[in-house]
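Trainee: Could you walk me through how to read a structure like this, one feature at a time? I would like to begin with the open spaces on the surface.

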Amino acid sequence: MRDAWEYASFVVTALALPFAIFFFALEQRKERNNEEEAAYQLLSDAYNDFLKVVLANPDLHLRTNEPLESPTREQNERTMIIYDMLISLFERAYIVAWSERMSEVEARRWNSWDDYMREWCQRENFFNALPLLLRGEDPGFQQYILRVAQEERGAVIQLA
């Protein structure tokens, strides 16, 4: 009887324990993927909310590539506030979603943010405001968006 218990103990240790560890690791990976998806969804929702702010300010012509002709002081102030919101969102996305080595899913998620950044950097007003907007932002993010801006506009931006 004692041999049977020892044998059963050996079977559990040799076979069941590795399976348990494998399934635990698999569940941890699923949980991590779910957390990453939730973070991405929150960022995506935040960008959609930002676009609602842009839509609520059509007089600023934020979605056009041409700068607003003769903007008022109030329009300039609203524009800069909206750009501050956008830079903050881009920085948050960079910190949460960007890394040197990304899985295929992570890269696909990040590429949408890269596309948004490129789209905004093509706009003259946003591009020209970058030196002011990037003050105090994460250095890695600063380098990233400045490189994107240079690639999109062909001009180098110097931060003060």
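Mentor: Happy to. Rolling a probe the size of a water molecule over the atoms shows where empty space is left. In this predicted model, the largest pocket holds about 170 Å³ of space.

Trainee: Which residues line the largest pocket?

Mentor: Its lining consists of Glu36, Ala39, Tyr40, Leu43, Val96, Ala97, Trp98, Ser99, Glu106 and Arg109. Try sorting them by element and then by class. H1, H2 and H3 each give at least two residues to this lining, and H1 has the largest share, with four residues. By class, the lining of the largest pocket has six nonpolar, one polar and three charged residues.

Trainee: And enclosed space? How many cavities of 30 Å³ or more does a search of the whole structure find?

Mentor: The search finds one cavity of 30 Å³ or more. The space in the largest cavity is about 70 Å³. It is lined by 13 residues, of which His61, Thr64, Glu66, Tyr83 and Asn125 are the closest to its centre. Helix H2 (73–97) and helix H4 (124–133) are the elements that give two or more residues to this lining.

Trainee: How does the lining of the largest cavity divide by class?

Mentor: That lining divides into five nonpolar, five polar and three charged residues. You can set this beside the lining of the largest pocket, with its six nonpolar, one polar and three charged residues.

Trainee: His61 came up at the cavity. What should I look at in its backbone?

Mentor: Look at phi. His61 has a phi near 55°, a positive value in a residue other than glycine. For its place in the fold, His61 lies in the loop between helix H1 (2–55) and H2. With a relative accessible area of 40%, His61 is partly exposed.

Trainee: Where is Ser70 found, and what is its phi?

Mentor: Ser70 is found in the loop between H1 and H2. Its phi is positive, about 45°, although Ser70 is not a glycine. Ser70 counts as exposed because its relative accessibility is 69%, and the cut-off for exposed is over 50%.

Trainee: Does that loop residue have a partner in a helix that I could inspect next?

Mentor: Take Gln75, whose place is in helix H2. Leaving out residues up to four places away in sequence, Gln75 touches Asp59, Leu60, Leu68 and Ser70.

Trainee: Is Gln75 buried or exposed?

Mentor: Gln75 has a relative accessible area of 13%, so it is buried, the cut-off being under 20%.

Trainee: Let us turn to the interior. Which residues touch the most other members of the largest nonpolar core?

Mentor: Those are Phe90, Trp113, Trp120, Phe126, Leu130 and Ile145, out of 34 residues in the largest nonpolar core. H1, H2, helix H3 (104–121), H4 and helix H5 (139–153) each supply at least two residues of this core. H2 gives the largest share, nine residues.

Trainee: What does one of those members, Leu130, touch?

Mentor: Not counting residues up to four places away in sequence, Leu130 touches Ile87, Cys121, Ile145, Ala149, Ile157 and Leu159.

Trainee: How would I read a residue from helix H1 in the same way?

Mentor: Try Phe50, found in helix H1. Phe50 counts as buried because its relative accessibility is 3%, under the 20% cut-off. Apart from residues up to four places away in sequence, Phe50 touches Ile82, Met85, Leu86, Leu89 and Trp120. Along the chain, Phe50 and Gln28 are 22 residues apart, and their C-alpha atoms are separated by 33 Å.

Trainee: And what about Met102, in the loop between H2 and H3?

Mentor: Met102 counts as partly exposed, at 27% relative accessibility. With residues up to four places away in sequence set aside, Met102 touches Ala97, Ala107 and Trp110. Ala97 also belongs to the lining of the largest pocket.

Trainee: One last check: how should I weigh confidence?

Mentor: Where pLDDT is low, the predicted coordinates should not be read in detail. Here the protein averages a pLDDT of 88, and 92% of the residues score at least 70. Among its elements, H2 has the highest mean pLDDT (96) and H1 the lowest (79).

Terms used:
Residues are numbered from 1 along each chain as its sequence is written. This is a predicted model: local features need pLDDT of at least 70, side-chain atom pairs count only at pLDDT 80 or more; totals for chains, interfaces and linings use all residues. Side-chain values use heavy atoms; hydrogens and water are left out. On a 1 Å grid over the protein atoms alone, a cavity is a set of points where a 1.4 Å probe fits but cannot get out, and a pocket is an open set with protein on both sides within 12 Å along at least five of seven lines; lining residues have an atom within 4 Å of a point. Grid points are joined across faces, edges and corners, and a volume is the space filled by probe spheres set on the points. Ala, Val, Leu, Ile, Met, Phe, Trp, Tyr, Cys and Pro count as nonpolar, Asp, Glu, Lys and Arg as charged, and the others, Gly among them, as polar. Buried means under 20% relative accessible area, exposed over 50%, partly exposed in between (1.4 Å probe, protein chains only). A nonpolar core is a set of buried Ala, Val, Leu, Ile, Met, Phe, Trp, Tyr and Cys residues joined through side-chain atoms within 4.5 Å. Contact means heavy atoms within 4.5 Å. pLDDT is the predictor's confidence in each residue, from 0 to 100.
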